[in-house]
Amino acid sequence: MDEDILTTLKILIIGESGVGKSSLLLRFTEDNFDPEQTLTIGVDFKTKKLNIDGSLVKLAIWDTAGQERFRTLTPSYYRDAQGAILVFDVSSYATFAKLEMWLNELETYSTKNDIVKMVVGNKIDVDKREVSREEAMRFAKRHHTLYIEASAKTKDGVQAAFEELVHKIIQTPNLWESYALNNIHLGSKDHPNQSSCAGYCSLV
Amino acid sequence: MNEEIDESEFYHQDFTTASEWEVFMARIEEIINQWRVDDKRNDSVTDVESIWDIKTEKLNFAEEQFYLYLYSKRINEDAALDDKGPKNPIDTLHDFELYDENHIEYHSCLSTWYGLDKFIVLSPVSNNGIVNESKIKVLLSSIYVVEGNLVTSENSIPLFVQIREKWQRLYLGVFASDVIRTNFEMVHLKKGLPYCNYLSGLLDLFKTKIASPCVLENIIVSAQLTYTLTEFGGFVWKQDLLQQNYDIESLFLLPFGVTVDPISSIILKATWNHLPDNLVLDSENYTDFDPTAAMNWSLLINSTNNPVCLMADAMTEFLQNLTNTSTIYDILGDFATLPSSENNPLDLLTEPAVPAISRLLTRTARQSLTRNKRSNPPLSETMLVPMLYFLFPDADEKSSFPYGREEREHTESLSQAQFKNLDEEFKGFKTCSSDSLIWRLSIILSHCLQSLGGLRAFAHVWYEFVQEMRYRWEKSMPIPGLSPGLPDLRTCLLNQKLQMLNCCIDRKIARENALVNFDSAENSSTDDEEFFDCSEKIVEEKAKEKLSLWNQPVGRLSKFGNLKLIKTGDPLYIPVTQEPVLKTEDQLEEDTDVLLQLGSNAEAMELRARIMSASLLSDMESFKAANPGSAIEDFIRWYSPRDWIEDEDKLDEWGQKAGHLSPRMLIEDNIWSEMWLSAKPVPAHRQKRLFDDTREAEKVLQFLDLRSVSQICELVIPVLSHAAIYRLMEECESLASDLAEFPAKLSNLIRKGEVLTRESKPQPRRFEGLIHEASALEMLVSQMNSLHYKLNPSRSANGEINDVVVALAMGKEVRVENKSKSDIGNRIVSMFGEAQRMSSLMAGEQFDEAGRGTVNNAFPVPTAKEFVLRTNAVKPAVYSAKCPQFMRAILSKEEFRLCGAWSEDTVFF
Ligand SMILES: Nc1nc2c(ncn2[C@@H]2O[C@H](COP(=O)(O)OP(=O)(O)OP(=O)(O)O)[C@@H](O)[C@H]2O)c(=O)[nH]1
Ligand SMILES: [Mg+2]
């Protein structure tokens, strides 16, 4: 089975503490929801194989602690990630407001220029919503990221989020093939690939 | 002339290979017909760079492989429309075209000589060429037959075969239309025939060769004389290698330029176009061809072949040493010794208490004193000391090159340049900031490797550098020329290592200061090697009276809002905590590997959490120490407020909002509650250090100390590449001419450099490619500098000269408008004159003041002469139509070449 693996991708999950990063990861890798998920200390990771258009992609997903006290430790693990999932909690405006800070952190510490970014609004199962879909989508558009809404609890959007992200990475061969000479685009830090600009919303 | 082959001869030969021969010709016809079809479709847009559209097919004949080429010039639409119907391809006014290096292809000489825009060439694949006489005949007859078979009224194409040795560029060819046939013949000799050295003889030859039965009309003559200037006198432009007693300033920049003049010669071509033969005379005794009276002047340069480009050469040294696994100590031998842990007693004796200007000086002097007995240092003190002052300008208060000054100057001077902000262009480079410590180190190291003693000098500087790093750590002095802060993972590994060392030094200094304060305040002794020391002075609170002695709060930073401890109602204090753990990227990689190897099951998760919970435990212990009687709820309210859920409208006994832990904190036996239970109340300064700066600093020093030559090169190459491209950009900016290609070339280089610096290890192939491109640019910049220096020594602003320099540097021949009356023409004349004067002085000739005033004498004997003769002649019979006749004669030291094209009427003869 192993020979069929197209590539191994490193994906990061970042965002404020308690927004459900570990829960999203657990849902995706084990299709499980554990309300008794402990607060993540430092970083943790899980692996999963994903079938994308007939080819197998191995994912190493790094779940980082959102807790401020661990923040000096976690950026070290941003290195060489090809994709990043920025999670906020739709029922907490404060976690959404912090996204800008997380994006900055990512810009600063990720080593790949055209890392694919996805904003995930989690906990859409909760009744009292504080962040509207429109506002979140506007944010995603402004920062050229993908956007998807999900619930780790009800399973909605979780699989789609990861698949969409991996798709986008595969479409950016620079990220997963070894650097081909002449192939990297200067300044793409400031002007991300047009192709990754489209805000994406899964209507769940 | 042996190249002329009597047509009648080959028909009598016995062609035992006849059938193969027929197949061969059929194949040629087939290919040509296919090209014609393709041509009509007109869909071939291949290499748009070249003006030539070339099609190729391979074919075999008589155990020989051939290429058949179709050359067609890409002519712009307007010119093509001017063509009025079919015409013989040599019936033009073509004589001399301006040379352009970029338009040269292997067989394009046929176009240069005959003025053909489209032709087919049959050329052997092997480099031996076709030398066998009978083979030549067979091939020639083949193309005659093929051309004859393919005659059309509209688009016949001249067909050539290349014969004899390939370097001779010797071709025979034929062109046939329905009314005319033209034979292309060539003569190529090492030396010309005496009577052919002048126009008079060539005209005779031309007439004889035409052999028309009627009187010839006027012959149209074009002539070109070539003068070559190789002696530039005082206007030689070259850079020398650094010598032993170099200028200090030259150390601060990467070597740049070429060691010999990148222009080997300037060529002046004087041209006369289309004169009737009866109006010009050129014979052994007299000539009308005076270059000053020529109709046109044009210039061309010859580049020096493979000159040493200093910057590229310096980079190549690093490339070559990427495989050198010897250590610094191998190279330095007994000059250097591995550091021993015990201090040199001399250090303590002579070290001034306050760092002084002479600190470095005395130190290096002392070291060489102790070592002189063993062997001579690779770099003398007089060389080494200025280098160290350049790397560590903080050793001299009056240093003229402190860090962080250059940058400002640059941004000012380059504000209007193509590249608005150089540093912005290099944002993606994983190196260090420009003109920082490592930047300077890479420059010094490349000077050493290239010209100041090679590997031994290189090793010496590295050794001294590492010694200085150790010295700074031991003496708690910050390292200059590094951006402050934690090891920056966006910079190169060497930069991270030094930043790490600087952080260690900072913490050491802070610890030493704290120790002084602490001692004076409490008069207690602490073992500073074992325990973490907070820089805070510990202020004890009055509140401690309330508590028993063993339970006194320690290590408080500040109150945390109005929060009160849930059990006791005392204010909740934020504790002083340990400073974060620092890591460089190689250490992080190791950590990551450890985490990854654990796998991804539940136990692994647990284990990872434990591995990473050291700082959590430390924080809990500090918290407990600062807040006696606290509970985990108190800790969580400070540490992870989102895991404290307040109950609406409910106050506890202390008047603050009541609440409870989040579900995920309430899980039984979760790692947080377990750890809380095991945490002891210990203030940060009493805890075991999470980050042992002494150990980490020693690790960095060991890392630096034990690098092999190849490892040093790996560390330095990214920065060196950055500095080199930066230097190239500056050089391009400071050129008087703008080259349209520069931005694209530089951007390309920057892209390649960026990729190189981001690799975990610089790949030799990639670095080699980068060097290759950088050297081409270095050469180009040097050529342009050289040309400016020669053509415009006064450096006056002159747009015309700028354009000429650009064109020349790009390998183009350029017309000199107004000839000797233009600025450039004037400069050329005086340079030729100067060279003439010098050579006659050398030859000991008497310099005749009176007779040498005229421009005429400024020119030496031409190095080449070229004539083009044309006419129309009635051929082969008196009643035939007039057909174009053509001959070009090229006379130079290297060769004598005649290119003839003889036509005759094929309808009426
Ligand atoms: N209702 C609801 N609750 C969720 C959802 N996702 C996570 N949670 C809950 O939110 C809390 C925090 O989830 P975690 O996954 O631990 O959050 P985290 O982002 O990993 O937090 P840190 O590890 O501190 O960075 C848990 O109690 C989860 O049960 C969701 O989609 N819906
Ligand atoms: Mg978590």
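In the predicted model, one aromatic cluster of chain B is formed by Trp52(B), Tyr67(B), Tyr69(B), Tyr71(B), Tyr114(B), Phe119(B), Phe160(B), Tyr171(B), Phe184(B) and Phe886(B). Across all chains, the number of aromatic pairs comes to 45. One of these involves Phe426(B) and Tyr726(B), whose rings are tilted with respect to each other, with an angle of 35° between the planes and a distance of 5.8 Å from centre to centre. This pair connects distant parts of the chain, since 300 residues separate its two members. Phe426(B) occupies the loop between helix H12 (422–425) and helix H13 (437–451) of chain B, whereas Tyr726(B) belongs to helix H23 (residues 709–734). Phe426(B) counts as buried because its relative accessibility is 3%. Tyr726(B) has a relative accessible area of 4% and is therefore buried.

Tyr726(B) also takes part in an aromatic pair with Trp439(B). Here the arrangement is edge-to-face, with 85° between the planes and 5.2 Å between the ring centres. Once more, distant parts of the chain are linked: Trp439(B) lies in helix H13 and Tyr726(B) in helix H23 of chain B, 287 residues apart. With a relative accessibility of 6%, Trp439(B) falls under the 20% limit and so counts as buried.

A further buried position in chain B is Glu813(B), which is placed in this class because its relative accessibility is 6%. Glu813(B) is located in the loop that runs between helix H26 (799–809) and strand E14 (814–815) of chain B. When its neighbours within four places in sequence are left aside, Glu813(B) makes contact with Glu97(B), Leu98(B) and Tyr99(B), with Lys269(B), and with Ser298(B), Leu299(B) and Leu300(B). The C-alpha atom of Glu813(B) is 9.2 Å from that of Ile267(B), although these positions lie 546 residues apart along the chain.

On the surface of chain B, a nonpolar patch is made up of Val594(B), Leu607(B) and Ile611(B). Together, these residues present about 250 Å² of accessible area. Leu607(B) is part of helix H17, which spans residues 602–611 of chain B. Leu607(B) counts as partly exposed because its relative accessibility of 43% lies between the limits of 20% for buried and 50% for exposed residues.

Chain A contains six helices and six strands. Read from the N terminus, its elements follow the order β-α-β-β-β-α-α-β-α-β-α-α. Chain A has 204 residues, of which 58% count as buried. Among the contacts in chain A with a separation of 6 or more, 75% are made by residues 24 or more positions apart. The exposed area of chain A is about 8300 Å², and 47% of this area is supplied by carbon and sulfur atoms.

A metal site is also present in chain A, where the magnesium ion (ligand 2) is coordinated by the OG atom of Ser22(A) and the OG1 atom of Thr40(A), at 1.9 to 2.0 Å. These two residues join distant parts of the chain, being 18 residues apart. Ser22(A) is situated in helix H1 (residues 21–30), while Thr40(A) lies in the loop between H1 and strand E2 (43–52) of chain A. Both Ser22(A) and Thr40(A) are buried.

Definitions and conventions
Residues numbered from 1 in each chain as written. Chains lettered and ligands numbered in written order. Predicted model: local features only at pLDDT ≥ 70, side-chain atom pairs only at ≥ 80, totals over all residues. Heavy atoms only, no water. Patch = residues over 30% accessible without salt bridge, like charges linked within 9 Å, V, L, I, M, F, W, Y side chains within 5 Å. Areas by Shrake-Rupley, 256 points an atom, 1.4 Å probe, with all protein chains shown as cover. Salt bridge = Lys/Arg side-chain N within 4 Å of Asp/Glu carboxyl O. Helix = DSSP H or I, 4+ residues; strand = E, 2+ residues; numbered from the N terminus. Buried < 20%, exposed > 50% of the residue type's maximum accessible area, 1.4 Å probe, protein only. Donors = N, O, S within 2.8 Å, 3.2 Å for Na, K, Ca; no water. Contact = heavy atoms within 4.5 Å. Phe/Tyr/Trp six-rings, centres within 6.5 Å; stacked < 30°, edge-to-face > 60°.
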